[in-house]
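Reader: I would like to know how the labels on this model are earned. Please take me through them.

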Amino acid sequence: MATLILSAVGTAVAGPIGGAIGALAGRAIDTSVIGKPEREGPRLTELAVTTSSYGQPVPRIYGTVRAPGTIIWATELAESSQTTSGKGQPTTTSYSYSSSFAVALSSRPVSALGRIWADGALLRGTAGDLKVGGTMRLHHGFGDEVADPLIEADKGAHACAFRSLAYVVFEDLQLASFGNRIPALSFEVIASDGALDLVDLLDETDFTPVASVPLPGLAGYADHGGSRADLVASVARVYPLVVTSDADGLSVQTVEVTSTSLLPAPVTGRSDGDASAQPLVRRGATDLRAPSALRYYDAARDFLPSVQQAPGAGGSESEVVEFAGVFDAAAAQARIAAMRHRALTTRETLAYRIAEPTAHTAPGRCVTREGDLRQWLVRSSEWHSDGVDLHLERIVDNAASAAIADPGVVVPPIDERPGELRLRYFELPWDGLGASNVPQRFAAASLAGARTAIPLLRIENESLLPTGVSARGNAIQGESLTALPGSPAMLFEALATLDVALSSSSEQLQSVEGLALLNGANRLLLGEEILQFRHATPLGGGQWRLAGLLRGRGGTEHHAAAGHPAGTAAVILDEHLTPLGATSYLEIGADSGLGDSDPVYATLASAGSTLQPLAPVHPRLTRTASGDPEWRWIRRARGAWHWFDGIDAPLVEEREIYRVGFGPVDAPVSHWDVNEPCFTLPQADWASLSAGHPTAQLWVRQVGSHSVSCATALPH
């Protein structure tokens, strides 16, 4: 830049003095060529986050502000492990950590704590709920605070109570959702409600105004240190102030049009007979820029920095005033409009001498002079032997008008209060993946609004013990709102519908094309029946209407035939389920660790369904050449979810065996074992059985390596 170049040349030619002259010339060229800085005030931080550095000031919080905080105490990370396994995947053990630490928020008392952001997402919602496991305690920062019990347990006699410092303590905060590290935190700190007053900002000091000095629209402010004079100067850039002194000390008041007084006649002569001091009106240069925009923190945008333009500003004007205060959009636009109006109307100044000071001509008073309709504000006065010299500036009342402003579009993080922890534990029919002799058992854990891993527990001798497996708590489940009648589960039911209510209103279902449906999309476990749906229509409030159903999938047609009443539990079968492999637990538990919640329990449903063969289908009755009845059927295989014409499904079982029975399935009158999908009985034997048991039913079951299938009725 010119400053550096000319400074270096000047120093080389004429030594330090020449360097100083070169630097001045360089700055002049910089200003004319590059332009002067176009921002006023300290820069707004772009979402500062929690740090821990020696010497870093803890701000004084007024109103409601989003503050990063400073870590002032922490323990070592506590480690825990969890085991996960997927279909056809090896078992994996991962480790998670928790931490206890304290964060300083404000060096003056606060009244409450609102939301907490962690890595941009909500750690604590508006309802005061933590989204992950752990507990939180707020110390308000009063002078009689006692040491936090956790810090006292760690530090003993050396524990500090941090009196007059507002801070928050996290105990055993689960870090799995944040990459097993302490996340970048920021806090919605509430020191007081409503608009602020300058009296609030100047508390605990001798430099306080006598009367109230309202700061309309200002909802929050963070003072990061410095003198009170610096604080007043920072506020005065946005809220023009007049500071005066009298016998009672310093006082502050806002610059505004008040009742005016007429100035006394001017003193135009001097006692020594020199040139007279006539009243003189000066007008500032018309090319001076007035502020055109205000940059501030917008509460409606989660306290993100925002900008409001002054009405009428445009063109090459870009004088942006930065103010680290919290406004809403309308208040910010009204403030920048008032600032611009004042800057454009105070270019006229008046030098006026009177004989002696009066109460009506004190700084901060509004006056007029004879024959002049303009109003003037007394900015300062100087009393000397020839009289009192007043320095006045033009003041014009700002026309009141309702500001119309829009904070813009912002996508807030999901803030859903943790709901009821729901847990289901079930076994599913084999889907053809992995080993065919290993039960496919899953846990479905749902906790609306939570971002924490949910440890699963086993029950031994009425004690809860960890299984080493954790669920993510995002399984999609709920219950049916309407009854679903029984179905033969033979055809696609395009007109069938089912209304369900999900446990979380933020969960989403989606419709699919017919080919995707045939390939296994949108599987739902309703009770113990597996069905698929093609269309999902939201009804609002977490309720959905499912239409276009395929019933009795995976060999669950016997559950489809029974139907389901309203209130039947429903679970989406997708990657959000937690596989438990070949575990032999008949009942499991889960504990969210949030607040005072109690563990929930679930017993194993559909036990043995993975190893159970599928019932034969398409039974038919024919006659042999000798007239004997012959029954035939088609075999199905576990894991064969798709029907392929012309291709025989794999057997899966060690051998092909069928059990044909006559009478009750559990206690048949007669039964026969055959090794092919065909059974023939002599006509005489069949007639004898039918005559002896006229209401009995003939049925067939497939005998597998581990279990037998449900019975399929044979026609007769």
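**Cavities and a sheet**

Author: The second largest cavity holds about 40 Å³ of space. The model is a predicted one.

Reader: Why is this space called a cavity?

Author: A cavity is a set of points where a 1.4 Å probe fits but cannot get out, so the name says that the probe is shut in.

Reader: Which residues line the second largest cavity?

Author: Among them are Gly 478, Glu 479, Val 500, Ala 501 and Leu 502. Strand 29 (477–480), strand 30 (493–502) and strand 34 (569–572) each give two or more residues to this lining. Strand 30 gives the most, with three.

Reader: What makes up this lining by class?

Author: Eight residues are nonpolar, one is polar and one is charged. Gly counts as polar and Glu as charged, so Gly 478 is polar and Glu 479 is charged.

Reader: How many cavities of 30 Å³ or more are there?

Author: Two. The largest has a volume of about 50 Å³. Its lining includes Trp 430, Arg 638 and Trp 641. By class, that lining has six nonpolar, two polar and one charged residues.

Reader: What makes strand 26 and strand 35 a pair?

Author: Three bridges join strand 26 (residues 440–446) to strand 35. A pair needs at least two bridges, so these strands pair. They run antiparallel. Arg 441 has Gly 581 of strand 35 as its bridge partner.

Reader: Why is strand 35 called an edge strand?

Author: The seven strands of this open sheet are ordered 28-27-36-37-25-26-35, with mixed pairing. Strand 28 (463–471) and strand 35 (578–581) each pair on one side only. The twist averages 30° from one strand to the next.

Notes: Residues numbered from 1 in each chain as written. Predicted model: local features only at pLDDT ≥ 70, side-chain atom pairs only at ≥ 80, totals over all residues. Heavy atoms only, no water. Helix = DSSP H or I, 4+ residues; strand = E, 2+ residues; numbered from the N terminus. Axes fitted to C-alpha atoms, helices over the stretch in contact; angles between N-to-C directions. 1 Å grid on protein atoms, 1.4 Å probe; cavity = no way out; pocket = protein on both sides within 12 Å on 5 of 7 lines; lining within 4 Å. Points joined across faces, edges and corners; volume = space filled by probe spheres on them.
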